[in-house]
Amino acid sequence: SEGDAAVTWVLKDALPEKEGDALEAKPPACGSLEEMRAWCASDPDCVGFALLRRGADPKSWGFHPKRRRSGFEAGEAKWLPQKHGSSEKWQFHYIQERAGPEDKDIVPDFLRDSASQPWRLSKKIVA
C-alpha cells in the first residue's frame, strides 16, 4: 500500500499560509518526532503536520496532522515564519510525494468553509 512506500520528508521552520484541513480532531500523543512521521506516513490521506515544539518532551508538543488534497501544495506555499507570533516555535513537516500540484485543493476556496464544516452550509440554505 502507499502508506508502506518510502516517503521523502521536508522540514520548514515556518508554517504555510494554507496548511490544509485537520486530519484528526484528536491526534495521538507521540513520544518522538519519528513516531509522528511514521503515524502520518502510514495514512495515505496525510500530507504532513504542523508541529508546535514546547519543551523537551515530544508528548507535550502540538502535533497537528493535515489532510492531503485540502489546500496545501508545496510548490505554491507561502511560508510564514511567525504565523502565530514570534514566541511560538512552529515547524511544518510534509511528505514531498503527497504535496505536488495534483494534490492541491480539490474544493474551490469559496466552498472551503462549508465543505469542511457542513453545518455552515445548512445554515446558509435555511437562512
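**Exercise 1. A serine in a loop**

Determine whether S70 is buried, partly exposed or exposed, and state its relative accessible area.

*Solution.* S70 has a relative accessible area of 4% and is therefore buried, where buried means under 20% relative accessible area, exposed over 50% and partly exposed in between, computed with a 1.4 Å probe on protein chains only. The model is a predicted one, in which local features need pLDDT of at least 70 and side-chain atom pairs count only at pLDDT 80 or more, whereas totals for chains, interfaces and linings use all residues. Residues are numbered from 1 along each chain as its sequence is written, and side-chain values use heavy atoms, with hydrogens and water left out.

The next step is to place the residue: S70 is found in the loop between β4 (62-67) and β5 (79-80), helices (H or I, at least four residues) and strands (E, at least two) being DSSP runs numbered from the N terminus. From this loop the side chain of S70 reaches the backbone nitrogen of D21 at 2.7 Å.

**Exercise 2. The cysteines**

Work out which cysteines are joined by a disulfide, and what handedness the link has.

*Solution.* Start from the criterion, which is a pair of cysteine sulfur atoms within 2.5 Å; by this rule the count comes to one disulfide. The bond joins C40 to C46, with an S to S distance of 2.2 Å, and the angle of -90° about the S-S bond makes the link of C40 and C46 left-handed. Turning to accessibility, C40 counts as buried because its relative accessibility is 0%, and C46 counts as buried at 0% as well. C30, by contrast, is in no disulfide, the nearest cysteine sulfur being that of C40 at 9.9 Å. C30 nevertheless counts as buried, at 5% relative accessibility.

**Exercise 3. The nonpolar cores**

Identify the residues of the largest nonpolar core that touch the most other members, and the elements that give two or more residues to it.

*Solution.* The largest nonpolar core has 13 residues, of which W9, M36, C40, F49 and L51 touch the most other members; such a core is a set of buried Ala, Val, Leu, Ile, Met, Phe, Trp, Tyr and Cys residues joined through side-chain atoms within 4.5 Å. The elements giving two or more residues to this core are α1 (33-41) and β3 (46-52), and α1 supplies the largest share, four residues.

For a closer view of one member, take F49 and leave aside residues up to four places away in sequence: its contacts (heavy atoms within 4.5 Å) include W9, L33, M36, C40 and F63. A second, separate core of 10 residues includes A50, F72, W90 and Y94.

**Exercise 4. Aromatic pairs**

Classify the ring pair W39 and F63 and the ring pair W79 and Y94 as stacked, tilted or edge-to-face.

*Solution.* Rings of Phe, Tyr and Trp (its six-membered ring) pair if their centres lie within 6.5 Å, and planes under 30 degrees apart count as stacked, over 60 as edge-to-face and the rest as tilted. By this rule the count comes to nine aromatic pairs. For W39 and F63 the centres are 5.7 Å apart and the planes stand at 80°, so the pair is edge-to-face. Because W39 lies in helix α1 and F63 in strand β4, the pair ties together parts that are 24 residues apart in sequence. W39 is partly exposed at 23%, whereas F63 is buried at 6%.

For W79 and Y94 the centres are 6.1 Å apart and the planes at 20°, so the pair is stacked. This pair links distant parts of the chain, with W79 in strand β5 and Y94 in strand β6 (residues 90-95), 15 residues apart. Finally, W9, W39, F49 and F63 form one aromatic cluster.

**Exercise 5. Salt bridges**

Find the salt-bridge partners of K89 and of K66, and state for each residue whether it is buried, partly exposed or exposed.

*Solution.* A salt bridge is a side-chain nitrogen of Lys or Arg within 4 Å of a carboxyl oxygen of Asp or Glu, and a search of the whole structure finds four. The side chain of K89 meets that of D13 (3.4 Å, N to O). The two lie in distant parts of the chain, 76 residues apart, K89 in the loop between β5 and β6 and D13 in the loop between β1 (9-12) and β2 (15-16). K89 is partly exposed at 43%, and D13 is partly exposed at 47%.

The side chain of K66 meets that of E19 (3.3 Å, N to O). K66 lies in strand β4 and E19 in the loop between β2 and α1, so the pair ties together parts that are 47 residues apart in sequence. Both K66 and E19 are buried. Salt bridges that share partners join E19, K66 and K83 into one network.

Conventions: Polar contact = N/O pair within 3.5 Å; in protein donor to acceptor, adjacent residues only side chain to side chain.
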